[in-house]
Every structure is written in structure tokens, then in C-alpha cells.
Amino acid sequence: MAVLQIRQLGDPVLRRQAAPVEKITKRVLKTLKNMEETMYAADGVGLAAPQVGISERLIVVDYGEGPLHLINPEIVSASGKTIDSEGCLSIPGVSGYVERAAEVVVNALDTKGRVRRIEAEGMFARILQHEIDHLDGVLFIDKATSISREEAEDSAGKQR
Ligand code: ZN
């Protein structure tokens with residue numbers, strides 16, 4: 001595995017619509033592994049492939065229950081509203097309050113190509129929405145109601 005360079009705000013790859021993965025190749029699996037390692041190295045809770053310069057619909061998430069590798073994730077239903085603070089590994093030192101659905105259902109393929117249906121709420125739902133936004137070239141600062149520079153890392157400073 002390898003730690004990849006995380007692309008920063010201003011890099012055009014972050015604004016591109018990422019392409020669906022047609023086939024789960026060894027390269028795709030290796031990309032996911034490298035994304036996982038990059039996420040942990042950066043102390044993040046989620047990472048989307050465009051953040052490492054790969055414009056494909058891949059995300060990795062760890063909301064405290066181990067790493068989840070998702071291919072072509074798609075929000076199939078969303079309900080409720082909740083506002084909380086977010087940060088992003090591609091926009092270091094910045095946080096903002098973002099309104100998100102409180103609960104989402106996400107369909108995705110796992111690394112074996114099986115369809116997974118994930119029902120998420122709370123922080124897990126927020127992370128999934130944040131990462132799936134990355135696949136559509138959307139950043140949290142586009143949606144944030146207020147943005148602030150962080151003085152220091154704190155619990156709200158967990159980066160995605
Ligand atoms: Zn992010």
C-alpha cells in the first residue's frame with residue numbers, strides 16, 4: 001500500500017464529475033487500499049478517489065467500525081435534516097456547518113462486486129453524503145452556512 005498525495009482546493013480534479021467504475025479490476029482494489037492508507041495517515045474518517053487525483057466513483061469510510069470500501073455509491077433515499085460541523089482533507093484548516101439529510105440509504109458495490117445496501121444515520125450518514133458529493137465535484141464549502149478557520153484540531157476537526 002502507499003500513501004497518496006491529497007489534492008487541495010483549487011485542483012480541477014476536485015470539481016470533475018467522477019466516472020462510474022465499469023469493472024472491479026486489481027487496479028481498482030489497489031486504489032481503494034491506497035485510499036484507505038491515505039485516509040488513516042491523514043487521520044481522516046472518509047476519502048473519495050478525486051481527492052487523490054482519481055476521477056472514479058470510489059470512496060473509503062471509517063466512522064469507527066473499520067474501513068468500508070464502496071464502489072459506485074449512490075444515495076437512494078434520504079430523510080430528515082441535521083446541521084453539524086464538517087472539515088475536508090482537501091481544504092485543511094477550514095470547517096463549516098452544513099445541513100445534511102439525517103438518514104440516508106446508500107447502494108454500492110463492495111470489493112467483491114456484491115450490491116450492498118447501507119442504512120446510515122448521524123455522523124455515518126454525514127460522512128457518506130460528504131464523500132458522495134466529492135464524486136460529483138461538490139465540496140462542503142459549497143453548502144456550508146458558515147465557514148471558519150480552525151485554530152487547532154479538535155473533535156469537530158475530523159477531516160474527510
Ligand atoms: Zn472532503
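This is a short walk through one chain, from its overall fold to an aromatic pair and a buried arginine.

Before I start, this is a predicted model, where local features need pLDDT of at least 70, side-chain atom pairs count only at pLDDT 80 or more, and totals for chains, interfaces and linings use all residues. Residues are numbered from 1 along each chain as its sequence is written, and side-chain values use heavy atoms, with hydrogens and water left out.

The fold, then. The chain has 3 helices and 8 strands; helices are DSSP runs of H or I with at least four residues, strands are runs of E with at least two, and both are numbered from the N terminus. In sequence order the pattern reads α-β-β-β-β-β-β-β-α-α-β.

On size, the C-alpha trace spans about 40 × 35 × 30 Å along its principal axes. The radius of gyration is 14 Å, which agrees with the value near 15 Å for a compact globule of 160 residues. That radius is taken over C-alpha atoms, and the globule rule is 2.2 Å times the number of residues to the power 0.38.

Of the 160 residues, 47% are buried. Buried means under 20% relative accessible area, exposed over 50%, and partly exposed in between, with a 1.4 Å probe and protein chains only.

Now the aromatic rings. The structure holds 1 aromatic pair. Its members are Tyr-63 and Phe-124, with ring centres 3.7 Å apart and planes at 10 degrees, so the pair counts as stacked. For the cut-offs, rings of Phe, Tyr and Trp (its six-membered ring) pair if their centres lie within 6.5 Å; planes under 30 degrees apart are stacked, over 60 edge-to-face, and the rest tilted. Tyr-63 sits in the loop between strand S2 (58-61) and strand S3 (68-79), while Phe-124 is in helix H2, 61 residues apart, and the pair links distant parts of the chain. Is each ring buried or exposed? Tyr-63 is partly exposed at 33% relative accessible area, whereas Phe-124 is buried at 9%.

Last, Arg-126, which also lies in helix H2 (residues 122-135). Arg-126 counts as buried because its relative accessibility is 3%. Where does its side chain reach? To the backbone oxygen of Val-98, at 2.8 Å. Leaving out residues up to four places away in sequence, Arg-126 touches Thr-82, Ile-83, Asp-84, Ser-85, Glu-86, Val-98, Arg-100 and Arg-160; contact here means heavy atoms within 4.5 Å.

Note on methods. Polar contact = N/O pair within 3.5 Å; in protein donor to acceptor, adjacent residues only side chain to side chain.
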